[in-house]
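Trainee: I'm new to this one and would rather start small. Please pick one strand, take me through it closely, and then show me what else is around.

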Amino acid sequence: MEARRRDRFDRRQTATAEKTLRRVRALTHCPQALTPFLDTLSRVFVDRQDVVHPKGVPTVGTYCVMVPPELIYAQGAMPVKLCGGSYTAFAVGDDTAPRDACPLVKAVMGFEDIDAMPAYQNCALMAVPVTCDCKKKLAGWLQERRPTSILHVPANRDRDADMERFTRELYAFSDSLAEITGVPLTSENLSMAFHRLAEAQTQLSRFIDLRRKHPTLIRGAFAMAAMNAMSYTWAPSWTKQLARLNDELEGLARAGTMAVKGNQPRLLLTGSPVIFPNFKLPLLIEEMGGLLAADETCMGERGLYDPPAIVDPSLNGMMRALANRATRPCTCPTFADNRRRLYRVRQMIEDYRIQGVVYHVLRGCLVYDYEYAAMEAEMERLGIPIIRVETDYNEEDVEQLRIRIEAFIELIKYGGNDR
Amino acid sequence: MSIYAGLDGGSTYLKAALIDHTGKVLNTGVVSTGIDNNGAAEALLKKLTREVGIDRIAYTMATGYSRKILETADDDVSEITAHAYGVRVTAPKGYRPGIIVDIGGQDSKVIYLDGNYHVKNFTMNDKCAAGTGKFMEVIAQILETTIDQVGPLSLESHAPCDINSTCVVFAQSEVISLVARKFDRRDILAGMHASMARRVVKMIRKSELGGDILMTGGGALNTGLRQAFEDELMRDVYTANYPQFNGAIGAALIASERGR
C-alpha cells in the first residue's frame, strides 16, 4: 500500500518536474553553460537521487536564507535548501495542514510524509527559522519526526539586543550541528567556510553585473534555474558552474549576441518564494512575450547578495557577522519594519531598467501579501505598473494567470510607457 | 476603403465586428461558440463582409479565450487590451470612461483607464463564475424566463430578495429554495442582480473612481444589472454602444492600427 502510494507520488512528481524542465529548455537563447544547473534539478526531482556531495559529509536541510551556509560547511556538513515547490508533495501535505496554510509548508510536510525524495530524506538535521506562523508550526511538526533545530528570528533587526539574540540562536544551531557531525565550531573552520562561500559570492557578483547589462544577456527563467540549483549543489561545484556560465555570458556580450530583442517589456518578479518545479510565473512571463529581467525573491540572490562584514576576526566576531548578514540586509517581510525591501526594489528598477513589477503571492502567504499595499503605493509614485498574482501549487490556475500576465505585458507594450 | 475585422472568441459566443479606417462600425455578428471555433469564425466573417458588400479584409485581430486558435486572424491580443481600445469607439458621445466593467459569459473584469485610454490596471474574477453571464443564465433557466427578460422583470421588483451565496452552485440552491417559498420571481431576479453587483463592485478600487464607469460585455444589455451596479456604487453607470461587441470592436481598432 505504502509502496504503491510512493510509486504514484514518483510518477506525478517526475512528470511535473520534467515538464517544467522541458519548458525551460524550450525557451530561446538557452546558454550552454546552463546545462549543469538543469542537470542538478533533473537529478533531484526527476531521477530522485540525493544531492552530489563528498562521501561521509552529512546534509542539513535548511528552510530559509537566514540559515547561514557558512556555519554548516564549517562544521563538516552540506546545506540543502529544502523549501518545497512540488505540486505533488503539496497535494500530500494538503491532507495534514489546515486549508489556509501556505503551499510551501504543505509541500515540505508532503515530502516528510511520503518518504520518497532522497535529497530530502537523507538530511541528518533540519534547520527551520521561524519566519512566519506556518513555518513555526512546521518546525514543531518536523521536530516530532526527526532532529530539528528551530531558529528564532527577531521581529526587528536594528537594535543590538535583536542581534545578540540571533547570534545566540546560531550558537545553539551550531551545537546541534556538532552533535551530528562531531565537528565543533572553531575560528579556523569557520574562516575556511567564509572563504569557500566568498568564492561563490564573487561569481554571483559577476553574474549580477552581467544580468544588469542592457540589452539582456540571459533570461530570468534561466537565472532562476541556476539560483534554484544552488540549493542542491556542493558550493565549490556551483561556483565553478556559475563561473563557466559567466564566461559564456561575457563571450555573448563581446559578440553582441543578446538573449532577447530590445523591445520586450522588462519585468521584475518579486514576492513569495518561487521554487522549482513551481516555475509557473517565470515561464509564463517569458512565454507570453515579456522579459523577466530580474527577480527579488529569496530563492534568487537574496541570501548571497551581501557578504558577511567581519570587523572582529575572533570566532564570536565572525558569528556576529553571520547573524548580521542573515538578518540586517534581508528583505524578507517577516520583519516588522521592512522599508529596505522597497529601497531594494527601487534600486533594481533602476539597475535593470524595469518597466513593470509582477508581485507573486502564494496563497496563505500573509506577510508578502501584507507588503503588497506599500509596494503598490511606491510603484504608483514611480509610475511603474504592478500586478498582484495569487497562485497555489497546482496547475488549475495557469490559464487565469496566463491572461493576466499577457494583459499586463500588453499594458506596458501599448501603454505608451517610454521608459 | 480598407476594412478591418475583430474577432472575439468568448466562452459562450463568438463575436465579430467590421470597421472602416475611421473607426466607424460597419457590421457586427454573433454566433454560439461551437467546437469548431475556426470554421465558425470564417463563416461569420464571410457573412458580415457579404452583407456590407466587400470582399477583402485588410487585417484581422483576434481576442477572447480562443484567440490563439483562430487561424483566420493575422494576430491576437488579450481581452483586456481589446476592451480598452473598444471603448474609444463604443463610449456614448460626451462620456469619458475611466473604468470599464465587463460582464462576460464566464468572467468579469474591471479595467482602469488613464486619460489616453491606456490600461492603467485591471482586476478579474478568478476561479469563480459568480458575477458573470453564466450565473445569470443559470438563474434565468430556473425561473423559467430568458436572458433578455431578466433585466426588465427585475426592474418591476419592489422588495428584492437577499441572495447571499457567492458561489453559482450554492446561489442556485438558494434561488430554488426561494422559489419553493413562493417568492415573486421578479424579486428573486432583483436580488440576483444585487448579489452580482456586490460581487463585482468588490473588485473595484474606490480610490480609482475617476472618469465615467462604462459597462461592456453581454451583461451590459441587462438594464436590471446596470441599475444594481448604480445602487451598489451610488454612481451613474453607463452602457457602451454595442456592449456585446466591445471586445471585437477593440480588436478591429487595433487591426486598423496594425494593417495601415
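Mentor: First, a word we'll need straight away: a residue is buried if 20 or more other C-beta atoms lie within 10 Å of its own, exposed if 12 or fewer, and partly exposed in between, with C-beta atoms placed from the backbone. Bear in mind that this is a predicted model, where local features need pLDDT of at least 70, side-chain atom pairs count only at pLDDT 80 or more, and totals for chains, interfaces and linings use all residues. Residues are numbered from 1 along each chain as its sequence is written, while chains are lettered from A and ligands numbered from 1 in the order in which they are written.

Let's take strand S1 of chain B, residues 3–9. Strands (E, at least two residues) and helices (H or I, at least four) are DSSP runs, numbered from the N terminus. Seven of the seven residues of S1(B) are buried, so the strand is largely enclosed by the rest of the structure. Look at which way they point: B:Ile3, B:Ala5, B:Leu7 and B:Gly9 go one way, B:Tyr4, B:Gly6 and B:Asp8 go the other way, and all are buried.

Now for the neighbours of S1(B). Two strands pair if DSSP finds at least two bridges between them. S1(B) pairs with strand S2 (residues 13–20) of chain B in the antiparallel sense, over seven bridges, and a hairpin of three residues links S1(B) to S2(B). S1(B) also runs parallel to strand S4 (residues 59–64) of chain B, joined to it by six bridges. B:Ala5 is a handy residue to click on: its bridge partner in S2(B) is B:Leu18, and in S4(B) it stands opposite B:Thr60.

Next, step out to where the chains meet. With contact taken as C-beta atoms, placed from the backbone, within 7 Å, 12 residues of chain B touch 11 residues of chain A. On the chain B side, helix H2 (79–90) and strand S8 (119–124) are the elements that give two or more residues. That side divides into five nonpolar, four polar and three charged residues; here Ala, Val, Leu, Ile, Met, Phe, Trp, Tyr, Cys and Pro count as nonpolar, Asp, Glu, Lys and Arg as charged, and the others, Gly among them, as polar.

Over in chain A, the domain assignment (automatic or from a database) gives domain 1 (2–185) and domain 2 (201–304 + 334–414). Their C-alpha centres lie 22 Å apart. The contact between them takes 47 residues from domain 1 and 43 residues from domain 2 of chain A. Several elements each supply at least two residues to the domain 1 side, including helix H1 (2–26) and helix H2 (35–45) of chain A. H2(A) gives the largest share, seven residues. In all, the domain 1 side has 32 nonpolar, 11 polar and four charged residues.

H1(A) and H2(A) also pack on each other, at an angle of about 170° and with their axes 9 Å apart. The angle makes the two helices roughly antiparallel. The contact involves A:Gln13, A:Ala17, A:Leu21, A:Val24 and A:Arg25 of H1(A), together with A:Leu38, A:Leu41, A:Ser42 and A:Phe45 of H2(A). Sorted by type, these are six nonpolar, two polar and one charged. For the terms, axes are lines fitted to C-alpha atoms, for helices over the stretch in contact, with angles from 0 to 180 degrees between N-to-C directions; under 35 degrees counts as roughly parallel, over 145 as roughly antiparallel, 65 to 115 as roughly perpendicular and the rest as oblique.

How values were computed: Two residues are in contact if their C-beta atoms, placed from the backbone, lie within 7 Å.
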